[in-house]
Amino acid sequence: MISRESIVFEQIVDDLAEKGFSVTDSFLDDREIEAILSVDEFKNKMLHFKKAGIGNSASLKINESVRGDYISWLDTKKAHLSISVYVNRLNALQVYLNKTLFLSLKDIELHLTSYPVGSYYRRHVDQFKQQDHRKISVILYLNRDWRSEQGGQLRVYSQSNEIDIFPVAGRLVCMRSDLIEHEVLPASRERLSVTGWMLDQLIDIK
Ligand code: OGA
Ligand code: MN
């Protein structure tokens, strides 16, 4: 029997091979998204979220003009149950990508992300220059009832096209971390997501 999961994964593989990025709606269902939104980190944002940096970090002023999001890193090995549901699905996707695209993805790093009203992330690629272990970027959006006039789209630059992807709850974006240029446009409402990368090495225990 062909499962829904394998159909979804196959589409992601095809898109990654063809265009370098993929958009999947309802990667998690409404209940699973609700459960993620109710984790402690989101309830107590002031306690857990820190201003995100760029690369191995430049001055705060430069940083501010590049990206305005706040993040909270997750321990994927002992995360809240609702996060584990997502991590398990990403692990299954990772196994599938390794098998079909001959990648050697070994681990996934994830953080919760909040873009306050008006904040953005300028055009960039995700892979660092000195440290190229990020191979596939994965972003899961958590915003219920997002309307296009609220902005906040992820703009992907693909060949000569610009593709705008709105951050609607349950939607997953996957993209080649080394290749795909993208940016986050400002929104008139707070924008929440889980952002992560599939790595070709195990995460260092800090
Ligand atoms: C990032 C990023 C895109 C998004 O965190 O590197 O580009 O849509 N995020 O949140
Ligand atoms: Mn990015």
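**Ligand 1 and a helix pair**

Reader: What makes the Asp126 pair with ligand 1 a polar contact?

Author: A polar side-chain atom of Asp126 lies 3.1 Å from an oxygen atom of ligand 1. A polar contact is a pair of N or O atoms within 3.5 Å, so this pair counts. The model is predicted: local features need pLDDT of at least 70, side-chain atom pairs count only at pLDDT 80 or more, and totals for chains, interfaces and linings use all residues. Side-chain values use heavy atoms, without hydrogens and water; residues are numbered from 1 along each chain as its sequence is written, chains are lettered from A and ligands numbered from 1 in the order written.

Reader: How do you know that His124 and Tyr141 count too?

Author: From ligand oxygen atoms, a polar side-chain atom of His124 lies 3.2 Å away, and one of Tyr141 2.5 Å. Both pairs therefore pass.

Reader: How much of ligand 1 does the protein cover?

Author: It covers 99% of the 290 Å² of accessible area that ligand 1 has on its own (Shrake-Rupley method, 1.4 Å probe).

Reader: Why is α1 called oblique to α6?

Author: The axes of α1 (residues 4-19) and α6 (residues 81-101) come within 10 Å and cross at roughly 55°. Under 35 degrees is roughly parallel, over 145 roughly antiparallel, 65 to 115 roughly perpendicular, and the rest oblique. So α1 is oblique to α6.

Terms used: Polar contact = N/O pair within 3.5 Å; in protein donor to acceptor, adjacent residues only side chain to side chain. Axes fitted to C-alpha atoms, helices over the stretch in contact; angles between N-to-C directions. Helix = DSSP H or I, 4+ residues; strand = E, 2+ residues; numbered from the N terminus.
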